[in-house]
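Okay, thanks for squeezing me in. I'll put the structure up on the screen, and then we can walk through it together.

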Amino acid sequence: MDLVAAPPAPLTRRHLHVAGDWVDPSSGDTIDVENPATGETIGVVPAGAPADVDRAVAAARAAFPGWAATDPAERAGHLDRLHAALAARAGEVARTVATELGAPLKLATRVQAGLPLIVLRSMVELAARPVAEQVVGNSLVVREPVGVVGAITPWNYPLHQVVAKVAPALAAGCTVVLKPSELTPLTAYLLFDAVAEAGLPPGVVNLVPGTGPVVGEALAAHPDVDLVSFTGSTATGRRIAHLAADRIARVALELGGKSANVILADADLPTAVKVGVGNVLVNSGQTCTAWTRMLVHRDRYDEALDLAASVVAGYRLGDPFDPATRLGPLVSAAQVDRVRGHVDRALADGARLVAGGPDAPVPPRGHFVAPTVLADVHPDSALAQEEVFGPVLAVIPFADADEAVTIANNSRYGLAGAVWSADEDAALAVARRLRTGQVDVNGGAFNPLAPFGGYRQSGLGRELGTYGLEEFTEVKAIQR
């Protein structure tokens, strides 16, 4: 995909996508979409209401029997056509994400537009070869689609997070009602343009934009939604789980993280620090899997801090469409206030500023926060315990591997992490001890077929690959 150095034209979308058609919402309420790099309004979408959710769920319920009974190869064909239609829009997706989220265009092209296509392609292949039936004694054990799925997605990866839910749900034979984030809804409309072009059967996948307290809660509480798949904050996930529990409905929750990057004494320190800082700063730090706690052996602590400051100095903030920009804005003014509040509190709690901070220069307009490195962060402090969701790195020393594991596991989260060592067996031994859903050893590459999800308050269930597809199934035993 080629970079195109021009933002999309202002976008206004007035309709929902229900039962295969673009339809009018039940009210005239709307949501303004902002460009966080400028603060300007770039588009308008409908603010859905509970009546719109009712309509979309009814369409998904009506479409479910036919879609569930569709031959797996035919479902795979539908997804393949969707992949082709979405791939044709990859450049537009990248430009739209760069505009409504503020991701630098290079990142928006490679990750925000590129990764969803990889995930969707994997689901085309998995849909064509569904999970095999098993014989257990006199029982035939089969997997069947769970039913109607309510998918509620966040703003930080506005296409990837949608595809990671919608694609496996459709591959499993479920039907879907999607509520994208009200902060970045325009990208979801591009997906539904592709849905319309691909000719998916009416009602198989439906779009209702709106706010969480209105559309999100109506979807989570709806009696005809069989599973709610949510990605976002732990606090909101807790609310969704409560609404679903009232009617004994299943949930899949991908929530927050406070991941540890453990750098052992014998590690390639320049590489470990460079990759670790880059991981924290990708998407302006607005990534749930970010390794926001860097744990470094005491013998190499000062060296690591110097390296981190040097790496951060190479990140230029600015216009997402400027090729020189490496760090875009945060998504909103509220997010800026939240991140700056975390930094101010950490400094008040005794952390030492190494780079960035509240007085570092940022562009004069837009929602920018300078990349910040803080040293001497206590493992029990708020900065080491709470998800910041911004370009802020906490650096913590440790004496040996046992202390590193203790610090890393001192968290209510458990989503991701990393270990670095010249001794791969030693790194693997530490990785096995970390209470987290994914661990990268010495910069191991992201695998879109591996299970993705967390321990503890990082969520319930898994996404991606076979594990993600099975999340949208029920298990039935047939005795013979």
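Let me start with a quick one: in which loop does F389 lie? The answer is the loop between α12 (382–385) and β17 (392–398). Keep in mind that what we're looking at is a predicted model. I picked F389 since its phi is positive, about 60°, although it is not a glycine. And is F389 buried or exposed? It counts as buried, at 15% relative accessibility, with the cut-off for buried being under 20%.

There's another residue to put beside it. N283 has a phi near 60°, again a positive value in a residue other than glycine. You'll find N283 in the loop between α9 (269–281) and β14 (293–297). The relative accessible area of N283 is 2%, so this one is buried too.

Okay, on to the strands. Please zoom in on β8, residues 148–152. How many of its residues are buried? It's 5 of 5. If you look at the two faces, V148, G150 and I152 are buried on one side, and V149 and A151 are buried on the other, so both faces of β8 are covered.

Now the partners of β8. One is β9, residues 175–179, which runs parallel to β8 and is joined to it by 5 bridges. To find the register, click on A151: opposite it, in β9, stands L178. Between those two strands you can follow the chain through helix α5, residues 160–172, and β8, α5 and β9 together make a right-handed β-α-β unit. The other partner I want to show is β11, residues 227–231, also parallel to β8, with 4 bridges joining them. Here the pair to click on is I152 in β8 and F230, its bridge partner in β11. Remember F230, please; we'll meet that residue again.

Next, a separate sheet. Three strands make up this open sheet, in the order β1-β5-β4, and the pairing is mixed. β1 (11–12) and β4 (30–35) are at the edges with a single partner strand each, so each has one side left without a neighbour in the sheet. Which way do β4 and β5 pair, parallel or antiparallel? Antiparallel, over 6 bridges, with β5 covering residues 40–46. T30 is the residue that stands opposite P46 in β5. Helix α3, residues 90–100, packs on this sheet and touches β1, β4 and β5, with its direction at about 90° to that of β4. Then there's helix α6, residues 186–198, lying across β1, β4 and β5 and running at about 50° to β5.

Last topic, the empty space. Rolling a probe the size of a water molecule over the atoms is what shows where such space is left. The second largest pocket has a volume of about 780 Å³. Its lining takes in 37 residues, and here's F230 again: it lies nearest the centre along with W155, G232, S233 and T236. Which elements supply at least two residues each to that lining? Those are α7 (212–220), β11, α8 (234–245) and α11 (333–348). Of these, α8 gives the most, with 6 residues.

As for cavities, a search of the whole structure turns up 3 of 30 Å³ or more. The largest cavity holds about 100 Å³ of space. There are 16 residues lining that cavity, and R293, A408, A416, R435 and T436 are the closest to its centre.

That's my tour; over to you.

Note on methods: Residues numbered from 1 in each chain as written. Predicted model: local features only at pLDDT ≥ 70, side-chain atom pairs only at ≥ 80, totals over all residues. Heavy atoms only, no water. Buried < 20%, exposed > 50% of the residue type's maximum accessible area, 1.4 Å probe, protein only. Pairing = 2+ DSSP bridges. Right-handed = clockwise from strand over helix to strand, strands pointing away. Contact = heavy atoms within 4.5 Å. Axes fitted to C-alpha atoms, helices over the stretch in contact; angles between N-to-C directions. 1 Å grid on protein atoms, 1.4 Å probe; cavity = no way out; pocket = protein on both sides within 12 Å on 5 of 7 lines; lining within 4 Å. Points joined across faces, edges and corners; volume = space filled by probe spheres on them.
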